[in-house]
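Student: I would like to go through the labels on this model and the criteria behind them. Can we start right away?

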Amino acid sequence: MRIGILGTGTLAEALGTGWVRAGHEVVVGGRSPGKAQALADRLGGATRALPPQEIAHGRDAVLLAVAWAGVEDTLRSAGAPDGTLDGTPLIDPTNAVEHGVGVLLTEPHGSAAQRVAALAPGAHVVKAFHLFPAQRWTQPREAGDTPVTVAVCGDDADALRVTGRLVRDVGGVPAVLGPLGRARQLEEAAGFVIGLAFAGFDPVSAVPSG
Ligand SMILES: NC(=O)c1ccc[n+]([C@@H]2O[C@H](COP(=O)([O-])OP(=O)(O)OC[C@H]3O[C@@H](n4cnc5c(N)ncnc54)[C@H](OP(=O)(O)O)[C@@H]3O)[C@@H](O)[C@H]2O)c1
């Protein structure tokens, strides 16, 4: 697949690494051309750095791997409000949470993913990859390891299928929980996990295992 990544930080690198390994063609772009070029060099293969406005065109999927504070500016610099992502699966892994606390920063009845959808008319937004630390996608897996379940939601069946393939390509199993209207719940789940971790508890110990 031809994948665009907006953002040049930790998650962009982790998922980009996995997708390049899986044989996909990746392009990366962010507000810093230097960081984008450095990331493209680290990802290797045929990976290229492009300006954000060129990331959207002709991609089978685009990952929005930026800090919540930068989501609006990034989508604007990619031309999303003008429809450059129309018809493109747009994967939203963002966590709009208060750092160290886990409380969501979005309006009580909205979600980050729905805000992303509003900023990118026509894009097929899928919430995914927001719950696990980035390192999960690059750490070596042993035979017999249980794959992690990646909860996803979205409104477009084809975008969910594309995202599901990209989840499998980094060793996860996609679990489609419903339409994008479920995103608030998925985002609250991440806030819950982040809150427990910062309070010194293992989030895994806080949910029933059987
Ligand atoms: N890292 C994880 O384990 C993880 C896991 C799940 C979900 N996420 C989510 O994934 C997203 C990216 O996380 P990350 O860990 O990759 O963060 P990161 O390493 O800090 O990278 C953040 C990226 O966002 C850009 N950015 C920050 N503020 C911006 C602004 N105001 N305008 C434009 N761009 C801006 C940064 O650009 P500069 O480098 O130029 O500042 C960088 O490209 C976040 O929403 C995070 O909640 C992260």
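Tutor: The buried residues of helix 1 (residues 10-21) are covered by elements including strand 1, strand 2 (25-29), helix 2 (33-43), strand 4 and helix 6. Contact here means heavy atoms within 4.5 Å. Helices (H or I, at least four residues) and strands (E, at least two) are DSSP runs, numbered from the N terminus. This is a predicted model: local features need pLDDT of at least 70, side-chain atom pairs count only at pLDDT 80 or more, and totals for chains, interfaces and linings use all residues. Residues are numbered from 1 along each chain as its sequence is written, and side-chain values use heavy atoms, without hydrogens and water.

Student: What makes helix 1 largely enclosed?

Tutor: Buried means under 20% relative accessible area, exposed over 50%, partly exposed in between (1.4 Å probe, protein chains only). Of the 12 residues of helix 1, 9 are buried, so the rest of the structure largely encloses it. Among them are Leu 11, Leu 15 and Trp 19.

Student: How do you know that the span of helix 1 agrees with its 12 residues?

Tutor: The expected span is 1.5 Å times one less than the number of residues. For helix 1 that gives 16 Å, and its end C-alpha atoms are 17 Å apart, which agrees.

Student: Why is Gly 164 called buried?

Tutor: Its relative accessible area is 5%. The cut-off is under 20%, so Gly 164 is buried. Gly 164 lies in helix 6 (residues 157-169).

Student: What makes strand 1 and strand 4 a pair?

Tutor: DSSP must find at least two bridges between two strands. Strand 1 (residues 2-6) and strand 4 are joined by 4 bridges and run parallel. In strand 4, Val 62 stands opposite Gly 4.

Student: Why is the contact between Arg 76 and Glu 72 called a salt bridge?

Tutor: The definition asks for a side-chain nitrogen of Lys or Arg within 4 Å of a carboxyl oxygen of Asp or Glu. The closest N and O atoms of Arg 76 and Glu 72 are 2.9 Å apart, so the pair qualifies. Both lie in helix 4, 4 residues apart, about one helical turn.

Student: Is Arg 76 exposed or partly exposed?

Tutor: Partly exposed, at 45% relative accessibility. Glu 72 is partly exposed too, at 31%.

Student: What does the salt bridge between Lys 127 and Asp 92 tie together?

Tutor: The N to O distance is 2.9 Å. Lys 127 is in strand 6 (residues 124-127) and Asp 92 in strand 5, so the pair ties together parts 35 residues apart in sequence. Both residues are buried.
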